[in-house]
Amino acid sequence: MPGKLKAKIVAGRHLPVMDRASDLTDAFVEVKFGNTTFKTDVYPKSLNPQWNSEWFKFEVDDEDLQDEPLQITVLDHDTYSANDAIGKVYIDIDPLLCTEAASIISGWFPIYDTIHGIRGEINVLVKVELFNDLNRFRQSSCGVKFFCTTSIPRGYRAATVHGFLEELVVNEDPEYQWIDRIRTPRASNEARQRLISLMSGELQRKIGLKVLEMGGNAVVGYLQCFDLEGESGLVVRAIGTACSLEKLSSGSILNTHTHPNTAPASNACNSPSKDGKEPVFGEDLPSSSGPPTPFRALPTSSSPPPPFSPSKPCSRQSSSSDTDLSLTPKTGMGSGGSAGKEAGPLKTLLRQQTQTALEQRGASSSGLLFNARQEFPFFTLTSFPPAFLLHVGGVVNARSVKLLDRIHNPALGNTRSYKLLDWNSVTADEPETRDAWWEEIRQEIKSHAKALGCHAVVGYSESTSICEEVCILSASGTAAILNPRYMREGCLDIGSTDHRFEEPSPPTCGFCHIPYDELNMPFPAQLTYCYHCRRQKVPDVLFTTIDLPAEAAVTGKGCLIQARLCRLKKKAQGEVNATAISNLLPFMEYELHTQLMNKLKLRSMNALFGLRIQISVGENMLLGLASATGVYLTALPAPGGIQIAGKTPGDPSNEQHLLTIQKRINEATAKNKELYQINPPKLFALDPEVFCGTNMELTEEGVGSPIPEPRQRSRLFRSHSESSDEISELDLSHGKKDAFVLEIDDTDAVEDIHSLLTDANPPRGFYSCNTETMPGIYNWTSGIQMFTSVRILRLNNTNLTNQGLNKIFTDLCENLLKSFYFKLRSMIPCCLCHLNFTVAVPEEELIQVAVTAVAMTFDKDQTQEKLAEKLIPKGGSDTDEQLQFPMELCADSSTINSQPSSKISGVPESTNISSRAASVDYGSFADRCSTWLELLRLKAHTIRRGSVKTSRRTQSLAHSVSSLEHSSPLPDGRSRSLRSSRSFGGSTVTVVKMTPLSFLPGTRIIKYLGIINMFFIRETTSLREEGGVSGFLHSFIAEVFAMVRAHVAALGGNAVVSYSMQDCVLMENPNKNQAQCLINVSGDAVICVRESDQDSLASTTTIGHSCSSTTDVTT
Amino acid sequence: MSVELDVFVGNTTIMDEEVYQLWLDGYTVIDAVKVRREGGVLDECEANADVVLSDTMDQYRTFQMCERLLHSPPKLANQLLFQITPHRQTILIERYYAFDDAFVREVLGKKLSKGTKKDLDDISAKTTVTLKSCRRQFDNFKRVFKVVEELKGPLVENIRHHFLLSDKLAKDYAAIVFFANNRFETGKRKLQYLTFQDFAICAGQLINNWTVGAVGPDSFVDNMVEDMDVDLDKEFLQELKELKILITDKDLLDQHKSLVCTALRGKTKAFNEMEANFKNLSRGLVNIAAKLTNTKDVRDFFIDLVEKFIEPCRSDRWTAADMKLYLTHYTNSVHILDTFKHQVVWDRYMGVIKSCIFKMYHD
């Protein structure tokens, strides 16, 4: 008996009138958990019933606690006929299972009905008493913390990052069961909602178990998706990154919350890591001239292994196209594409690869433990602690087209009970499984990363697009080399910033340095010496799926760059259809990539972050949308302009035409440069002393690429040879860097150029990006507005061309952006952050675009001081920790050798940034500190600097505070009880802010209350009466927001961070006056306080602590 | 190609005050877009016509969804569907319950019934307020009327509490409710020159002095008499009959006249007219008082004031100052009449009459 769940129904309000005669309602409530149901008394004749029930107690297994939601049904009592349901509330009690999260759920919840929407509210109290469970073979994973946030949550420190987690569960979709023909739409919707709630609960529990197995205590970057495969079933899958997190706020580094499992392991690993430090230290510092290979950075022992030579460095495996069609016939196993060719049983293949990977890395490499432990070194994180990310290779991408088959599910003979079935447990001779599909794709991603000389994939995500029986599975990420320190367990005594001493390249540019071997490049690329440190090679462009590292040096501001593409396809069935799609995919990826590259050049930028390429399939077309945030990385060479070349030179009219286009392009480029403030620093301005070690010409032109470059840039050639999955910066690195030539040889090209120039820049006062924050803006004020917008376009014209479609699609996206700017114009100056576009083809003639983003205001006056502000990372909320933490170390750890060195390469460099010009070489700074004497001297220096920095920080805070509008103060247990006792007059509603980002500007998160993961269905049979399909969806989205806010408020929170809408599936039938919509949202519920409220902060943390300690006692 | 669906939902509900006003004024989406474009909205943020149309439709939808909540404003603060800042909530409510003077002038004193509602299209045509806006305003009046009808306690306070309106607006609604309840005639041609604000101030005077609640909280311990501010004080109306002695007793009338004339002599150019008309005017005012026990005559209160007092004075070209002077002395002189015993009733009556006539005496 591991847990007791207690629920109390307090009151209802604003109930609908259920009895026409009296205009009143006789309401009562059913509380259900698992198979146990309790009922309250009927509260007669009231729209604001006060049940004030007893505590209903459920004694349950913690496994059930994790899987099941608490189900509250409000009904209208009817003496003569059946009781009418008013609506339901599902409460996920997972947050109560973790001692660090919420301790009680208490508040007003909207009563939701899938047909009528929100119908009044109900006040509920829920508590959980957990008993200690000593059973080692338990099935539950209570206590594992889940975060949607794709970075290390604020206020926590990652002791170890264990690695990739994935799980999926499969079931039949109740909507497609035979019983659906005889039951009401409401019953069907509720069955579906409940099933998905159960499935996601189970999924979360299983992921949690994996985390415990790995020795972690948390999942970061948790992403859960649904695949509604129609007839063939319902798949709920999730990926995430297992971590061991430690709380920072308590002050002590060794917190009590590490999982017991990690303790012994960490001790075991402690000593080797310490041993590893000293030799590295002695060896790395003297290195002066000659650019070291990236691998010098790795803390390997005295004999560094050869710079990561992949077994087949140049075999690009272009044949192993992701688009390999693997059909799943009803019988037998048709393993798809290349993977199938290479080896039959996938598992063996995997094992082999893992082994070789290990061998390559050399036995001496003490790090990279994660590789031994897991098959896929993937990380769903998009931003990392400083020094975590060493090098970035580029985007890796894989897609696969599959035919859906009915999921065979022997356990599901009886459709009444939704017994969950874990696909993994199905015996091997079952037909091909979803699991194997994904494994295949991940395998491919991994091999791509390897080809780029990288051992890890970061910013990893997976998605699907389903149309009828065809399904496109996609995965993408960024190949990278990570600092192995984080991978290893037991580096508990190392602060989050003290790795830099091992890293000869400064963090401002280090991640741009190529991870692959420049002599054995996996693709033709143009390399130059880093414009920042001059010591290592960088590519001319860099594409990534991650957020811009906080410490990266950027020139000017960034902007949203989108590539949009429509391709018509013939309607077909089955294999023919799948083949057609997989044939189209490489062309689409290539086109998208070309567009991205052109648009990037047009804006004079050289890197893309947060790249997300989405390809959606419809019956008669494919939609492609690539979104990313363009930036000018100071470390990378300046992009050359775009040159137009005609195919037929000599034709005078044509020449004239070309000239005008060229002129327009040049003008646009110049305008963009000004708009985004891209003025690359003149390298002459550098302190010559810094460069005494490197004997190089410092002129921009002088630093040419020393690599003989293959100058093939035929587009046709590329699109044929290129495997679309390997879309990355490599693809378009052709051509010489200062003349990116666009050849106008046909109408397509004209169209391309035209679309290139039609993209409007945001109006004055606006910026936009799809990453967490805008590169180049650091002084956010507290005004935020999160929004979701959906637009569907009907293509009435049946004989559209590709170009016509492209234009329509581009206009759709551009108009959406314009609408946002217009609607949010009162917030100027402001930036639209995390613009997340999702495209779909819901029906034959429809194109759907859904966008979720947040508009954030910033202080325009301070933008000039961006250099000074640079050290204050975007969120600000965790900055305190990061700054204070090293300072503490510095003060009391002077006896430990490694600490002072960390200070030297860490803090002085950052102070330099603020005091000098942008592009000073800090890397060589460390070189000069070669003696201990200097180190110690610098340490003292550092402390002084630290205090200076703090003062400046408070100053900037004062700035932002002055421009704060009101911010909601935190609610806590006490205020909540106050609230619930008040009834009429005065608002009882807590303001809950929502944002897709991991932080709220101007505030700091003091507590994570748990994950919010909700799934809703709404259906109507009176579409016209609800204002048409727009009215229907508008109110549904508003209702979803309301329910999310209510759940967060009930947990005691006042904000949702990392909010996202994974799914928004709308089906309509206007002729029948019907519509149905499914929405899935997720996020992290948090308590945040204004950064200025230091007092309340102190008090609330103590409250939080006392709360958790009391719950500790009770458990 | 057509836009099948287009929605934008903010976590904090976005509302443009200009669009809200257009919506309240009953503009259709198309007309509202036109007005906005003419207002130069296209110059902001490089917008185009589609953007403005889409924004207007979104906002209209939001307002429509909010309308249900606005019908009982306290719900707006407690509902969960829309996250609206308290400041915005106040604006939403205040604007929703605001009304056009031209419209309210038409329905003031009429029964808020279905019959009147049917005439709204005529009123709309006459006042150039759109029918939609007329309906909203009419329904607001009716809703407030219905809610406060059954409530105890002070009228203005009740309106303010149940509809969260500002003091000013609550007082105006009190006037509307008061007029509707007593069915005062305001539509006659002779009354056309009076604005709603004239009537509202008069209503305020009547509510504060002539109703059951006006006697003061001292006499009603719990202050909880139903309709205390809506119905006129019956006892008081009975007592008003006693004032008749001022015109029926010849001595008293002469004495009163001489007192007033003595006081006025030499202070105004209209003295001669005042002296000549004194008996007529006094009869007019006292007769109004004496007849107020009849519901029918209560309805004609304002028309009587105009016919019996204001019009004669106006034809004699009294200035507003003359009027003030005259009424002050007319009222005060009664205090010196030893044989007149109804000083309290007289003051209660004349206090209101004075203020009403001051307010109503203009062109």
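## Strands, sheets and a helix pair: worked exercises

A:Leu234, A:Val236, A:Ala238, A:Gly240, A:Ala242, A:Ser244 and A:Glu246 point one way from strand 12 of chain A, while A:Val235, A:Arg237, A:Ile239, A:Thr241, A:Cys243, A:Leu245 and A:Lys247 point the other way, and all are buried. Buried means under 20% relative accessible area, exposed over 50% and partly exposed in between, with a 1.4 Å probe and protein chains only.

This is a predicted model, where local features need pLDDT of at least 70, side-chain atom pairs count only at pLDDT 80 or more, and totals for chains, interfaces and linings use all residues. Residues are numbered from 1 along each chain as its sequence is written, chains are lettered from A and ligands numbered from 1 in the order in which they are written, and side-chain values use heavy atoms, leaving out hydrogens and water.

**Exercise 1.** Find the strands that pair with strand 12 of chain A.

*Solution.*
- Get the element straight: strand 12 of chain A covers residues 234–247, and 14 of its 14 residues are buried. Helices (H or I, at least four residues) and strands (E, at least two) are DSSP runs, numbered from the N terminus.
- Try strand 10 (residues 156–171) of chain A: it pairs with strand 12 of chain A in the antiparallel sense over 14 bridges. Two strands pair if DSSP finds at least two bridges between them. Here A:Val169 sits opposite A:Val236.
- Now strand 11 (residues 218–228) of chain A: nine bridges tie it to strand 12 of chain A, again antiparallel. A:Val220 has A:Thr241 as its bridge partner.
- Check the turn: the hairpin of strands 11 and 12 of chain A has five residues between the strands, and A:Gly230 takes a positive phi near 65 degrees there.

**Exercise 2.** Work out which strands stand at the edges of the five-stranded open sheet.

*Solution.*
- Write down the order: 26(A)-28(A)-29(A)-27(A)-1(B), with mixed pairing.
- Read off the ends: strand 26 (766–768) of chain A and strand 1 (2–10) of chain B each have a single partner strand, so one side of each is left without a neighbour in the sheet.
- Look at where the chains join: strand 27 (residues 780–794) of chain A and strand 1 of chain B run antiparallel, joined by eight bridges. A:Phe787 stands opposite B:Gly10.
- Add a helix: helix 20 (residues 1028–1050) of chain A lies across strand 27 of chain A together with strand 1 of chain B, at about 25 degrees to strand 1 of chain B.

**Exercise 3.** Describe how helix 9 and helix 10 of chain B pack.

*Solution.*
- Start with geometry: helix 9 (residues 131–149) and helix 10 (residues 155–163) of chain B pack at about 115 degrees, with axes 10 Å apart. Axes are lines fitted to C-alpha atoms, for helices over the stretch in contact, and angles run from 0 to 180 degrees between N-to-C directions.
- Put a word to it: helix 9 and helix 10 of chain B are therefore roughly perpendicular. Angles under 35 degrees count as roughly parallel, over 145 as roughly antiparallel, 65 to 115 as roughly perpendicular and the rest as oblique.
- List the contact (heavy atoms within 4.5 Å): helix 9 of chain B brings B:Arg143, B:Val144, B:Val147 and B:Val148, and helix 10 of chain B brings B:Leu155, B:Asn158, B:Ile159, B:His162 and B:Phe163.
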